[in-house]
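Colleague: Could you pick one part of this model and take me through it slowly? I'd like the details in one go.

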Amino acid sequence: MALLEARGLEVRFGGVVALSGVDITVEGGQVTGLIGPNGAGKTTAFNVICGLQKSAAGRVVLSGRDITQASPHQRARLGIARTFQRLEVFGSLSVYENVLVAAEIRRRWSHDRSRPATVAAETIEMVGLAQLAGVAVDSLSTGTARLVEVARALATRPSVLLLDEPSAGLDESETDDLGRLLTRLGVEGTGILLVEHDVDLVMSVCRTIHVLDFGRILTVGTPGEVRADPLVQAAYLGTAA
Ligand SMILES: Nc1ncnc2c1ncn2[C@@H]1O[C@H](COP(=O)(O)OP(=O)(O)O)[C@@H](O)[C@H]1O
Ligand SMILES: [Mg+2]
């Protein structure tokens, strides 16, 4: 059984088909990619999975449990965490405070009695921000603020982590660090669904990649298979491959 399965998603905005018959599978313990041109439907798929957008058909199943009708809040409690394409952090709070808020929410939800302060500190260390823990997020670069968002999602200790373009604004070495972090989280058992424009990052960390185009899944395969697929090259990788 897959950790997360979305089946037959259908979303229309007026005349725009944002998703049609979309199936996405996320296995635990690895990074799964979701790529495709701008407007392909990637963020919409995230919104359906975390409950912010209704799908007219299909279902979302988490660890065998149908969560199609669950609220975003219930899904978060069940272990789905996400980051947003547009940053969603508390700018005037410090890095530590931002992550602590998430760790405290988790404490309320779960039977785990770990101290929120400990969880926050460990998570900040994990994403490599320990030196900046006391700094207000407003004064950080966009790239670093993005890592705070990742840390905040991780502080809830999710079983599934959805990341919407986490490398946007990161420099090369920050992107390398992010890639290592994602690989490590995968190894430790978290299921990660990664939406990302940085093709090198996607190819290096994902075991399986789904390619979306105009709201439809074009192909699903290993990085090698996706790279070699003529349809993908035409639709998306053309200039990058
Ligand atoms: N709330 C919305 N209202 C109307 N159209 C939307 C909305 N959200 C997304 N769309 C449209 O749906 C399509 C898919 O968008 P999106 O999921 O954001 O794509 P991606 O994340 O792959 O760039 C695009 O054509 C976009 O303009
Ligand atoms: Mg998007």
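**A close look at helix 3**

Modeller: Start with the handedness: helix 3 goes past helix 5 in a right-handed crossing (the near helix is turned clockwise from the far one by less than a right angle; anticlockwise would be left-handed). The residues that make this contact are Val95, Asn98, Val99 and Ala102 from helix 3, with Val148, Ala151 and Arg152 from helix 5 (contact: C-beta atoms, placed from the backbone, within 7 Å). By class, that contact has five nonpolar residues, one polar and one charged (Ala, Val, Leu, Ile, Met, Phe, Trp, Tyr, Cys and Pro are nonpolar, Asp, Glu, Lys and Arg charged, the others, Gly among them, polar).

Bear in mind that this is a predicted model, where local features need pLDDT of at least 70 and side-chain atom pairs pLDDT 80 or more, while totals for chains, interfaces and linings use all residues. Residues count from 1 along each chain as its sequence is written, and chains are lettered from A and ligands numbered from 1 in the order written.

Now the geometry. Helix 3 covers residues 95-109 and helix 5 residues 142-154; their axes are 8 Å apart, at an angle of about 25 degrees (axes are fitted to C-alpha atoms over the stretch in contact, angles run 0 to 180 degrees between N-to-C directions; helices are DSSP H or I runs of at least four residues, strands E runs of at least two, numbered from the N terminus). That angle is why helix 3 and helix 5 are roughly parallel (under 35 degrees; over 145 is roughly antiparallel, 65 to 115 roughly perpendicular, the rest oblique).

Helix 4 (residues 116-126) is the other partner here: its axis and that of helix 3 come within 8 Å and cross at roughly 130 degrees. The two are therefore oblique to each other, and helix 3 passes helix 4 in a right-handed crossing too. Helix 3 brings Val95, Tyr96, Val99, Leu100, Ala103, Glu104, Arg106 and Arg107 to this contact, and helix 4 brings Pro116, Ala117, Val119, Ala120, Thr123 and Ile124. Sorted by class, the helix 3 contact with helix 4 has 10 nonpolar, one polar and three charged residues. Val95 and Val99 of helix 3 appear in the helix 5 contact and again in the helix 4 contact.

For the wider setting, the chain splits into domain 1 (1-79 + 159-241) and domain 2 (92-157) (bounds from an automatic or database domain assignment). Their C-alpha centres lie 24 Å apart, and the contact takes 12 residues from domain 1 and 11 from domain 2.

Technical notes
Two residues are in contact if their C-beta atoms, placed from the backbone, lie within 7 Å.
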